[in-house]
Amino acid sequence: MSNVNLAIICYSSTGTNYQLSQWASDGAKEAGAEVKILKVQELAPQSVIDSNPAWKHFSEEVAVCIPTVSLTDLEWADAIIFSVPTRFGNMPSQMKQFLDTTGGLWFNGKLMNKVVSAMTSAQNPHGGQEATILSLYTTMHHWGAIVVPPGYTDPVIFGAGGNPYGTSVTVDQSGKMVEDFSAVQAAVKHQAKRTVTVAEWVKKANE
């Protein structure tokens with residue numbers, strides 16, 4: 001049984017990436033991990049949030065119940081899975097702002113050998129999904145983290161679109177996922193289990 005601590009850190013405006021995070025949590029727990037689902041702080045103006053009914057609903061009804069990530073959570077975690085929507089082929093400013101606060105942990109070697117993976121969503125299949133995940137991984141390389149993508153390590157990857165960098169989905173104008181839920185869920189759970197497994201190897205090697 002795994003003794004890996006997994007932090008799933010998400011930014012979700014209408015709920016898609018929170019759903020991905022929940023599926024990742026399910027997969028990780030099946031692999032025996034201790035899991036926290038956490039959000040980064042919202043930075044968007046309230047007027048912008050209010051202009052989108054789906055965003056407003058998620059913000060008021062769901063996001064308020066998700067704990068906000070802290071630097072202490074990063075120290076606690078052996079592994080981290082990020083889930084964010086794309087913003088022009090890059091991570092959202094909300095996630096970038098949080099990552100920019102990790103300099104002290106990085107300087108003191110507290111982030112090296114963390115096992116990390118990432119997921120994302122966009123409104124179009126080619127709307128920056130791969131680039132967004134790679135933008136997250138760039139920061140992880142500076143951390144000295146160990147990036148664990150799903151690759152093509154299981155046939156379920158193809159059912160969710162075949163993104164080897166991390167599970168990615170498309171959403172419609174109302175923020176609803178267009179892919180088959182069961183296929184995406186299977187891919188996410190596989191990615192989470194793979195992340196936990198590698199983290200367990202690393203943790204045992206360092207004991």
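Biologist: Which residues line the largest cavity?

Modeller: Keep in mind that this is a predicted model. A search of the whole structure turns up 1 cavity of 30 Å³ or more, and about 40 Å³ of space lies in the largest cavity. Its lining is made up of P150, I157, A160, G162, N163, G166, T167, S168 and A187.

Biologist: And how does the lining of the largest cavity divide into nonpolar, polar and charged?

Modeller: Glycine goes in with the polar residues in this scheme. On that basis, the residues lining the largest cavity split into 4 nonpolar, 5 polar and no charged.

Biologist: Let's move to the open space. Which residues lie nearest the centre of the largest pocket?

Modeller: The largest pocket has a volume of about 410 Å³. Its lining takes in 21 residues. Those nearest its centre are S13, P85, R87, Q123 and V171.

Biologist: Which elements give two or more residues to the lining of the largest pocket?

Modeller: By class, that lining has 6 nonpolar, 13 polar and 2 charged residues. As for the elements giving two or more residues, they are α1, α3 (53-61) and β4 (115-122).

Biologist: Now the strands. How many bridges join β1 to β2, and what is the hand of the crossover between them?

Modeller: Strand β1 covers residues 5-10 and β2 covers residues 34-39; they run parallel, joined by 6 bridges. Between them the chain passes through helix α1, residues 16-30. That β-α-β crossover is right-handed.

Biologist: Which residue is the bridge partner of C10 in β2?

Modeller: Pairing along these two strands can be followed residue by residue. I8 of β1, for instance, stands opposite I37 in β2. For C10, the bridge partner in β2 is K39.

Biologist: What about β3: which residue there is the bridge partner of A7?

Modeller: β1 also pairs with strand β3, residues 79-85. The two run parallel, with 5 bridges between them. In β3, A7 has as its bridge partner I80.

Biologist: With those neighbours in mind, how many of the residues of β1 are buried?

Modeller: Take the strand one face at a time. N5, A7 and I9 are buried on one side, and L6, I8 and C10 are buried on the other. So both faces are covered, and the count of buried residues in β1 is 6 of 6.

Biologist: I always look at cysteines. How many disulfides does the structure hold?

Modeller: A disulfide is a covalent bond between the sulfur atoms of two cysteines. To count as one here, the sulfurs must be within 2.5 Å. The structure holds 0.

Biologist: How far from C10 is the nearest cysteine sulfur?

Modeller: C10 is in no disulfide, and the nearest cysteine sulfur is that of C65. Going the other way, C65 is also in no disulfide, and C10 has the sulfur nearest to it. The separation is 13 Å.

Biologist: C10 and C65: which is buried and which is exposed?

Modeller: Buried means under 20% relative accessible area and exposed means over 50%. C10 comes out at 1%, so C10 is buried. C65 comes out at 60%, so C65 is exposed.

Biologist: One last residue: is G32 buried or exposed?

Modeller: G32 sits in the loop between α1 and β2. Its relative accessible area is 17%. The cut-off for buried is under 20%, so G32 is buried.

Biologist: And how far apart in space are G32 and G144?

Modeller: Along the sequence they are 112 residues apart. In space, going C-alpha to C-alpha, the distance is 25 Å.

Definitions and conventions:
Residues are numbered from 1 along each chain as its sequence is written. This is a predicted model: local features need pLDDT of at least 70, side-chain atom pairs count only at pLDDT 80 or more; totals for chains, interfaces and linings use all residues. Side-chain values use heavy atoms; hydrogens and water are left out. On a 1 Å grid over the protein atoms alone, a cavity is a set of points where a 1.4 Å probe fits but cannot get out, and a pocket is an open set with protein on both sides within 12 Å along at least five of seven lines; lining residues have an atom within 4 Å of a point. Grid points are joined across faces, edges and corners, and a volume is the space filled by probe spheres set on the points. Two strands pair if DSSP finds at least two bridges between them. Helices (H or I, at least four residues) and strands (E, at least two) are DSSP runs, numbered from the N terminus. A crossover is right-handed if, with the strands pointing away from the viewer, the path from the first strand over the helix to the second runs clockwise. Buried means under 20% relative accessible area, exposed over 50%, partly exposed in between (1.4 Å probe, protein chains only).
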